[in-house]
Amino acid sequence: MKFKAVVAQTRTELALTLRRGESLLVTLGIPVGVLVFFTKINTAIPTGYTKSVDFLAPGVLALAVMSAAMVSLAIATGFERRYGVLKRLGATPLSRTGLIVAKTAMVVGIEAIQFAVIVGVGIALDWEPSGSGLIGAVGVMLLGTIAFAGFGMLLAGTLRAEATLALANGIFLVLMFLGGMAYPLDALPTFLRDLAKALPAASLSECLHGVLNGPAGRGFPTGSLVMLTVWAIVLPTLAARLFRWEE
Amino acid sequence: MTLGDTSAISVVGLEKHYGAARAVDGLSFEVAPGEIFALLGPNGAGKTTTLEVLEGYRRADAGKIRVLGLDPHRQGEALRTRIGVMLQEGGLYPGLRPIEVLRLFAAFYDDALDPTELLSRVGLDPSMKTTVRRLSGGQQQRLSLAAALIGKPELVFLDEPTAGMDPQARSTTWEFIRDLKATGTTVVLTTHLLDEVEALCDRVVIMTRGALAAIGSPRELMSRSVTTDVLFTANMPVDTLALARELQLDRQLVIPAGDGRYEIRAQGSPRLIAQLAAFLERNQVEIGTLHANERSLESVFLQITAESEVIAATETQPARRTRRGRR
């Protein structure tokens with residue numbers, strides 16, 4: 001794996017992501033929009049929180065991870081596969097490992113931007129996260145990234161590009177409401193809540209709520225962390241096994 | 001095969017199956033360094049599959065393959081620094097500008113050509129802001145060719161390099177490929193275009209149904225077509241038995257070659273042509289094309305593919321089964 005090649009590939013991946021309007025919309029527009037809108041309308045918040053932004057900001061960080069690592073990565077990769085870009089790169093000295101490293105760096109780069117913007121907007125909306133909480137959040141976000149990027153690559157490497165596009169967006173929308181992000185899990189019907197808690201989205205947002213000074217007395221959601229770790233192992237493993245480089 | 005060590009490419013007994021379908025079935029050939037070599041054949045003959053095995057994309061089911069002395073499957077990493085690849089279509093980021101594509105690819109190689117200069121040489125403006133997705137088909141092909149060459153490869157694989165190009169761009173591209181040869185680069189290309197082979201290639205292998213049907217220089221292949229014959233196309237089915245009777249020929253010498261093509265295995269004398277014309281006129285058949293004793297690569301190609309179809313029609317199923325049960 002050559003450093004120069006991976007740097008060039010990462011730069012290209014980042015430039016392409018930042019140039020696509022729809023990818024900016026889903027990675028920055030929607031998370032920031034959700035944060036501002038639901039804070040301003042004082043959305044329903046679970047017991048233990050005093051301000052809606054305290055509940056929303058961690059959830060929106062989870063949403064950001066989902067948008068960059070799953071939606072944006074899956075759609076871009078799906079169409080690269082469709083247009084033979086992945087195949088063509090396979091005939092260059094940039095190895096598959098090099099490509100995966102570059103894509104990972106791209107996702108982490110986008111998430112760094114998201115993190116800065118969301119934390120900034122949150123603070124402007126009277127959010128008061130602790131420094132240690134933010135550091136913990138970065139760790140949780142990275143674990144969530146492994147899980148969701150694995151899922152994104154699984155979609156992109158097995159389905160047709162259009163199906164990946166539709167499914168990634170659809171799942172994003174469903175998980176936004178079943179993930180304790182814009183809407184409290186506690187407010188869901190019991191069967192739906194149990195289902196939601198088993199999915200990676202709620203696991204991720206519960207962990208983020210946990211590290212970012214969740215309601216006192218609740219304790220850290222160890223169960224969610226275990227669940228998220230399982231997804232972070234299962235999804236990339238499946239993707240690695242099932243990924244097809246040509247559509 | 002003693003040639004194997006010095007050849008740019010050495011293929012012995014290549015087989016590639018997709019399920020029960022044999023895409024390539026016992027193909028052998030050598031390509032010498034610095035040659036422009038063509039794989040020619042009808043659709044589905046196995047040209048692209050062969051190319052993809054040589055490029056390391058697909059693993060051969062059987063056979064010994066050496067590309068620049070390396071096994072493309074096991075030593076792909078070493079091979080990829082020394083080859084350039086142009087896919088039949090796609091392969092370029094639709095959202096990048098041409099110069100960005102070449103700068104990216106240049107970064108993959110230790111020693112690369114200058115992206116700006118190369119882009120001008122293939123006839124694209126290095127300062128153009130248009131993204132790949134908005135380029136014409138011919139422009140995309142030229143960019144794809146440039147991307148294949150940016151790493152100063154010893155060997156390039158071009159899968160239908162001039163497909164979708166206008167005659168002007170095509171002849172520019174031919175010039176370009178000839179220049180490559182002058183620098184000692186080996187070129188392996190696939191094509192449907194017989195004039196491309198005649199104009200460009202040192203040697204050609206004609207493939208039909210996954211196997212080698214003929215190999216040699218275009219001139220050698222053309223000289224093979226001294227086998228006197230008449231080829232014509234008709235707008236409606238021709239009764240070949242009646243035609244053979246009319247021409248006083250053995251009935252096996254008048255062969256339907258599919259798609260309205262017919263072949264008469266006999267000297268295309270003025271007398272025979274006259275009898276043929278009279279017969280067709282009487283039956284109110286229009287002639288599409290008519291070739292007599294022609295020494296073009298096209299006639300060789302048509303003859304060889306026609307032979308292959310005749311073999312396919314007469315070959316019995318059980319015989320094929322036993323051949324499949326190899327090893």
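At 4% relative accessibility, E13(A) falls in the buried class in this predicted model, since buried means under 20%. Its salt-bridge partner, K103(A), has a relative accessible area of 4% and is buried as well. The two side chains meet with N and O 3.0 Å apart. In sequence terms the partners are 90 residues apart, with E13(A) in helix 1 (residues 3–19) of chain A and K103(A) in helix 5 (residues 96–124) of chain A, so to speak a link between distant parts of the chain. Side chains of opposite charge can pair when their charged atoms come close.

Now for the boundary between the chains. Chain A puts 22 residues in contact with 25 residues of chain B. The size of an interface is often given as the accessible area lost when the parts come together. Here, chain A and chain B bury about 2200 Å² between them, and carbon and sulfur atoms account for 58% of that area. On the polar side, 11 residue pairs are in polar contact between chain A and chain B, both members of each pair being at pLDDT 80 or more. Helix 1 and helix 4 (85–89) of chain A each bring at least two residues to the side of chain A that touches chain B. Helix 1 of chain A gives the most to that side, with eight residues.

Charge pairing features at this boundary too, with four salt bridges counted between chain A and chain B. One of them is made by K87(A) and E52(B), whose side chains meet at 2.3 Å, N to O. Another case is R19(A) with E100(B), where the N to O distance is 2.5 Å. R19(A) sits in helix 1 of chain A and E100(B) in helix 3 (residues 98–106) of chain B, so this pair joins two chains. The two ends differ in burial class: R19(A) is partly exposed, at a relative accessible area of 39%, whereas E100(B) is buried, at 17%.

Within chain B, E154(B) and R82(B) form a salt bridge, their closest N and O atoms lying 2.7 Å apart. This pair, too, links distant parts of its chain, with the partners 72 residues apart. E154(B) is found in the loop between helix 5 (137–149) and strand 6 (155–159) of chain B, and R82(B) in the loop between helix 2 (76–80) and strand 5 (83–86) of chain B. E154(B) is partly exposed, with a relative accessible area of 36%, and R82(B) is also partly exposed, at 27%. Over in chain A, salt bridges that share partners tie R82(A), R160(A), E162(A) and E247(A) into one network. Over all chains, the count comes to 22 salt bridges.

Chain B also holds an open sheet of three strands, in the order 2-1-4 and with antiparallel pairing. Strand 2 (21–31) and strand 4 (62–67) of chain B are the edge strands, each pairing on one side only. On average, and with direction ignored, neighbouring strands of this sheet are turned by 25° against each other. Strands of a sheet pair through backbone hydrogen bonds, either parallel or antiparallel. For strand 1 (residues 9–18) and strand 2 of chain B, the pairing is antiparallel and runs over eight bridges. Along this stretch, K16(B) stands opposite V24(B), which belongs to strand 2 of chain B.

Notes: Residues are numbered from 1 along each chain as its sequence is written. Chains are lettered from A and ligands numbered from 1 in the order in which they are written. This is a predicted model: local features need pLDDT of at least 70, side-chain atom pairs count only at pLDDT 80 or more; totals for chains, interfaces and linings use all residues. Side-chain values use heavy atoms; hydrogens and water are left out. Helices (H or I, at least four residues) and strands (E, at least two) are DSSP runs, numbered from the N terminus. Buried means under 20% relative accessible area, exposed over 50%, partly exposed in between (1.4 Å probe, protein chains only). Two strands pair if DSSP finds at least two bridges between them. Axes are lines fitted to C-alpha atoms, for helices over the stretch in contact, and angles run from 0 to 180 degrees between N-to-C directions. Contact means heavy atoms within 4.5 Å. Buried area is the accessible area (1.4 Å probe) that two parts lose on being put together, summed over both. A polar contact is a pair of N or O atoms within 3.5 Å; within protein, one must be able to donate a hydrogen and the other to accept it, and residues adjacent in sequence count only if both atoms are side-chain atoms.
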